[in-house]
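I opened the model to see how the chain is put together and what surrounds the ligand. My notes follow in the order I looked things up.

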Amino acid sequence: MMRFLRYLRGSGRVLGFVFVASVIWLLLDMAVLRLSIGDANSRLVNERTVREQEIAQQQVLDSSDLKPVRLFRTQKRKERMAGQDKNNLQPEPVALRRSVERERREPEETASNASVQASKPQQDMPEKLPVQATHKSPVKKEKQIKELQTQGTNNGSLVKEKQIEKLPIQGANNVSLVKKEKQMKEVHNQGTNNASLVKKEKQNEKLPIQGAHNVSSVKKGKKIGGMVGNNSIIVHMNDTLAVKAGVHRVLSLDLTAAPRNPNAVGQFGQAAVVPRDKEVLSKQRWNEGYFNVYLSDQIPLDRAIPDTRPDTCARNVVHNDLPSTSVIFCFVDEVWSTLLRSVHSVLNRSPPHLLKEIILVDDFSKKAYLKGNLDKYMAKFPKVRIVRLEERQGLIRARMAGAAIAKGDVLTFLDSHVECNVGWLEPLLERIYLDRRKVPCPVIEVINDHDMSYKLVDNFQRGIFKWPLVFGWNTLSDEYVKKKNMTVADPIRCPVMAGGLFSIDRKYFYELGAYDPGLEVWGGENMEISFKIWMCGGTIEIIPCSRVGHIFRGKNPYNFPQDRQKTVQRNFARVAEVWLDEYKELFYGHGYQHLLENQHDIGNLTEQIQLRDRLKCKSFKWYLDKVYPELEAPLVKANGLVFNRGSRNCLSVRNRVLSFEKCDLSKQSQHLNYTWLDHICQRDLCLEPNVIQGSLSFQPCDRTRPVLRWLHKTSKSPLSEHLISAKSSQQVCLEASQKADKIHLAPCVASNPFQQWEFTNYYSV
Ligand code: UD2
Ligand code: MN
């Protein structure tokens, strides 16, 4: 037993030793394992960090700092709001700088922009940007490739390029997608109709540097306006970091710049000549469109036109992530060649990634070629969609039908006989990008209706109106241009747009209630949308770097379902009633008094008035003061004392009774208005003649009652000093009694001084 125990003790020692050794080994092993796990982990962590950094960097490169400009704008805005000196601000991209300068120049605009930006926080939130940028860019790139290829093939056209050495990503994509000269020749040889070339573009060579210039440089290590570094490309330049904006030079894409047949009729926008033996034919065909339809049919559908933009335009920069647009053409019985030329000009001169679609709205045309033939032709162009209205709706409702199915971020409306010029689209979209409440219009150039030549128009033109809401062009005065320090390429604020050609943010268009659907066929809708835009917080601008030719015609080549004149006048009356407040009297007073007698004819306005209330739009007076102060808009034709030449006394109203007194400006009872509705009134009481009794009384004013109207100082009557009752069959005039202080009516006598009256102030004669 003892031996066994000894044995055990002996081997126990060994066992114990082995046991202890194993434990120690195990512990050591575990320690080593732990160490190596830790090591591996930290390596992994390190790797991940590095990878993350790489990814972050990649995102930065990919996004090509899509948003820093916006950020920069925020920063700028803050600086502006803090009242910082203009000189302290760093230079910005041209397009942006313009807008900022403009905002600075125009205080009311600055205020409204600030509020717009404040209501768009997502635009100014840097932390969201990298994610958006990474997801967005590659998809966009792929899309662009497809789009460009599709478009290229469809047009059978080619794109030549020497372009853009270091264009920021989006631009670079476009360029890399562009087919090279070889292919160009191939397609060229195929002889497709639209085979053409893209204009060479030398412009973008120095873009990155310009980018660096565009945005501020800041001292290394300094935080940039609270911006996360990876939102932007950081370029090391000596001791500074320059933040490059997500911008590129306007793409001067023009698939028609080197046309197949340089000698074709009307090529390069030149005037075309009708051959002798075709003169009769050309005259016969004139009425198909009220322009030279014969010549239009001879001119290539993809003819080249001169680049009429001011020189600086091609060097302007625009943002890489501009919104896309749906281009909407409404037409009724449009001439085949002009309609197609309009469509091709959009396809050939718009960056494909910005052109979501072209919507052709056929407003119930009768011409057969606009049906099957058009469908067949347009089937080659996947971007073109045709909508056919089942009855004639008129331009206004046709546009709304197009807008209703549009998918682009922006709606671009064009007439169906236009030619969009090179670089036309991006400058429009840029304005909306900067502020979605801006409504930009291209400069409307002239395609001559006789020879179809493309003519550029004068600079500094803006859209205005005169009473009674007649649209016109007006050149900004030299004084104004100097005062505002304007260049020919700067956006021009327009009191009203011409109507045919403009871009508008799609959602904003609907926020504004689109067009008044009660407007019929054609006319006045440009006034309606213009007043609505300005008075409800937006801005209308002409963008000189965007140019579109349009055939101005002497006559409309379509009929009006009802009387043309009545239709247009009715539209105007609707606009006046909803938007002009007390100034609507000026509209009626310029030859439209007759519309007041049948007010029900203009239809129900409740919804439009409610819309204006809901949008909390400003008054027409505000519009006149801030937007169009040059318009003469006196609220009455004349006012003050009403002096009688014969008696040398003045009219006076007491207790609704008209009498005669010694003239005294300080007496309110002697102050009367002669209004645009031809009323002689004091407050809301109007002078009413009782022709049968020859007496007079004051009655509540009522614009529908012609009996309350008086003629005075009007071309309608040679008796300009007289106050003639407008509605009596024989000429009856207001006359002062020669003896008593009484007033009565009497047959008009030209030379009678007791029938001659004069107001203290005249505003309209
Ligand atoms: C100008 C505008 C036009 C419109 C109009 C006033 C420009 C360049 N043009 O007249 O866009 O604002 O003033 O309302 O600023 N159309 C239809 N259905 C109709 C009538 C016309 O679809 O019932 C089409 C027509 O085919 C054309 C467009 O509407 O494409 C404008 O008509 P227009 O060219 O006869 O008008 P325009 O240029 O004289
Ligand atoms: Mn037109």
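Before counting anything, I fixed one term: a contact means heavy atoms within 4.5 Å. I also noted that this is a predicted model.

**Entry 1: the whole chain**

I began with contacts between residues 6 or more apart in sequence. Of these, 75% join residues 24 or more positions apart. Next I looked up the secondary structure and found 21 helices and 29 strands. Then I checked burial. The protein has 765 residues, and 55% of them are buried. The exposed surface comes to about 35,500 Å². Carbon and sulfur atoms supply 54% of that surface.

**Entry 2: the cores**

I turned to the interior with a general expectation: in soluble globular proteins, nonpolar side chains tend to be buried together. Which residues have the most contacts inside the largest nonpolar core? I found Phe465, Trp467, Phe531, Phe587, Phe620 and Tyr623. This core holds 78 residues. Helix H18, residues 564-579, gives the largest share of the core, with 7 residues.

I picked Phe620 for a closer look. I set aside its neighbours within four places in sequence. Phe620 then touches Phe465, Trp467 and Phe531, each also listed with the most contacts inside the core. Its other partners are Met535, Trp579, Leu580, Asp581, Tyr583 and Arg612.

I logged another core, apart from the largest one, with 36 residues. Val318, Leu429, Leu501 and Val548 are among them.

**Entry 3: the ligand shell**

I moved on to ligand 1 and found 22 residues around it. Which of them come nearest? I noted Asp363, Ser416, Gly523, Glu525 and Tyr558. By type, the shell divides into 8 nonpolar, 8 polar and 6 charged residues.

Which elements supply at least two shell residues each? I found strand E6 (325-331) and helix H13 (394-405). H13 gives the most, with 3 residues.

**Entry 4: polar pairs at the ligand**

I checked distances to oxygen atoms of ligand 1. An N or O atom in the Tyr558 side chain lies 2.6 Å from one. For Gly523, a backbone N or O atom is 2.8 Å from a ligand oxygen. The side chain of His417 places an N or O atom 2.9 Å from a ligand oxygen.

Last, I asked how much of ligand 1 the protein covers. On its own, ligand 1 has 730 Å² of accessible area, and the protein covers 92% of it.

Key. Residues are numbered from 1 along each chain as its sequence is written. Chains are lettered from A and ligands numbered from 1 in the order in which they are written. This is a predicted model: local features need pLDDT of at least 70, side-chain atom pairs count only at pLDDT 80 or more; totals for chains, interfaces and linings use all residues. Side-chain values use heavy atoms; hydrogens and water are left out. A residue is near a molecule or strand if one of its heavy atoms lies within 4 Å of it. A polar contact is a pair of N or O atoms within 3.5 Å; within protein, one must be able to donate a hydrogen and the other to accept it, and residues adjacent in sequence count only if both atoms are side-chain atoms. Accessible areas come from the Shrake-Rupley method with a 1.4 Å probe; for residues, only the protein chains shown count as cover. Helices (H or I, at least four residues) and strands (E, at least two) are DSSP runs, numbered from the N terminus. Ala, Val, Leu, Ile, Met, Phe, Trp, Tyr, Cys and Pro count as nonpolar, Asp, Glu, Lys and Arg as charged, and the others, Gly among them, as polar. A nonpolar core is a set of buried Ala, Val, Leu, Ile, Met, Phe, Trp, Tyr and Cys residues joined through side-chain atoms within 4.5 Å. Buried means under 20% relative accessible area, exposed over 50%, partly exposed in between (1.4 Å probe, protein chains only).
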